[in-house]
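The following note is offered to a colleague who is new to this structure. Its points concern strand pairing first and nonpolar packing afterwards.

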Amino acid sequence: PAPALPAPQQPAPAPAGDGLPPQLPPAQPSYASASWTPSVYDSCPATVHERYSVIGPDGKRYPTWHPPTTIDPATGARCTFGHEHGRDPAGSDIGDWVADHLAAAGAEQYAGIPFGLATESLDVYAAANPGTRIRHEDNVGYKVDYENDVRLLAADGSSVGVTCDYLVSVHQGSHSPDALSNNVHELLYAVRCDDGTELVSDTISRFGPPGSYVRACDPATSVTTTDNGYPSGAGSRSIPDRACVEQTTLVRAGVTTSAWALYEKWSASNELRTADGRTLAAFDPAFGVFDPSRYANPGASTRLGRTLDLCWEVEGNGDRARSAACDGATAGGTLPSAYAFNDPRSPFDGTHRDVYLRETTLDNAGGARLYWTDPYGGNASTTPFPGALCQLVGDVDTTARPALQERVFGRNRPNDDEGVHAPN
């Protein structure tokens, strides 16, 4: 379901026999496929990481989900990648359906969830539309989650009588200053329900306006940073900054630092729209992270502070971070000073996350099931155009559905694993 592209000419290879996915046929690499190299803490070589790749609808090679550890066939030993991509989409009831939609024509045997497809498409769209700003994101920030058999609840808690399966992949970098300014981040959002609702959307989602973020401990305050020129959108990025640290993380004796003290919540409000402004689909997921490895610090040259360093900081009045995470990081206070933020010993690695799901509204009764949109979800057309992404929209109308209750998932499901560390 994509523009006609040359299919790979090589036959599907035989299984590699080493427990890793088979080598892909030659294909042009995407930006995301080359954006990871092992650090001093990682034992898996880049050649093993590359085995976890898929062919996208543009015929390019993209990185995809992989476990945090695997076997290096060169040594036979277990090795670590140092990062994780959330839940294995193989466990999703709609994983194969989504992967097949995103695969290159004739390359279903190389199907999967391609990381970076929307931002890669923006390169092509920008070339055809001068003045459009391109966007690339690192490999480690792509996080997959899914929920099977979710019974929709109305805002009052009553059952709507509809059950859905969800699969999402979002780029949520919680280790760098990027999200303090950049509001656009790739989002794959897929849902299939037993009332005919079907949607597979891959876009660059806008989480609020560019050049600012919402202060997590004071949601009425928007902190201005640098406007990078990306288009504004609804939603927000709620991020703790130094003011929040001094208010909620560094606390007096006898008080425990709340697990919510450094919590980030990124809320999106997305639409797939035609050129004349008609909305075909609307959806509004949100994504939280409890243990980012950075917080916003406008007074620092890097614009950020390292969460790990707070475990050793003591204010003049004796306030300090008093949490189980810091107790672990400091070995109960026995380590005299902080170590590198990307050391695997740090508990602040962005692995404790949750996902919020609420509305998916379709207004496409009797319409086409496949539309091509620009990378931001606009200019939907039944005809492909340069830089367009193929979106699957069910031919139903759910606008009469009552307002739904926002539901949170995954909060108590760990993503941490052996060797995982920031940046992650």
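1. In strand β13, R237 has W266 as its bridge partner. The strands β11 and β13 (residues 264-268) pair in the antiparallel sense over 4 bridges, and S236 stands opposite S267 of β13. Strands here are DSSP runs of E, at least two residues long, and helices are runs of H or I of at least four, numbered from the N terminus; two strands pair if DSSP finds at least two bridges between them.

2. The model is predicted: local features need pLDDT of at least 70, side-chain atom pairs count only at pLDDT 80 or more, and totals for chains, interfaces and linings use all residues. Residues are numbered from 1 along each chain as its sequence is written, and side-chain values use heavy atoms, with hydrogens and water left out.

3. Strand β11 (residues 235-239) also pairs with β9 (residues 212-215), in the parallel sense over 2 bridges. Here V214 has S238 of β11 as its bridge partner.

4. An open sheet of 7 strands runs in the order β10-β9-β11-β13-β16-β20-β24, with mixed pairing. Because β10 (222-224) and β24 (407-409) stand at the edges with a single partner strand each, one side of each is left without a neighbour in the sheet.

5. The largest nonpolar core (buried Ala, Val, Leu, Ile, Met, Phe, Trp, Tyr and Cys residues joined through side-chain atoms within 4.5 Å; buried means under 20% relative accessible area, with a 1.4 Å probe and protein chains only) has 35 residues. Those with the most contacts inside it include C164, Y166 and V191. Strand β6 gives the most to this core, with 5 residues.

Note on methods. Buried means under 20% relative accessible area, exposed over 50%, partly exposed in between (1.4 Å probe, protein chains only).
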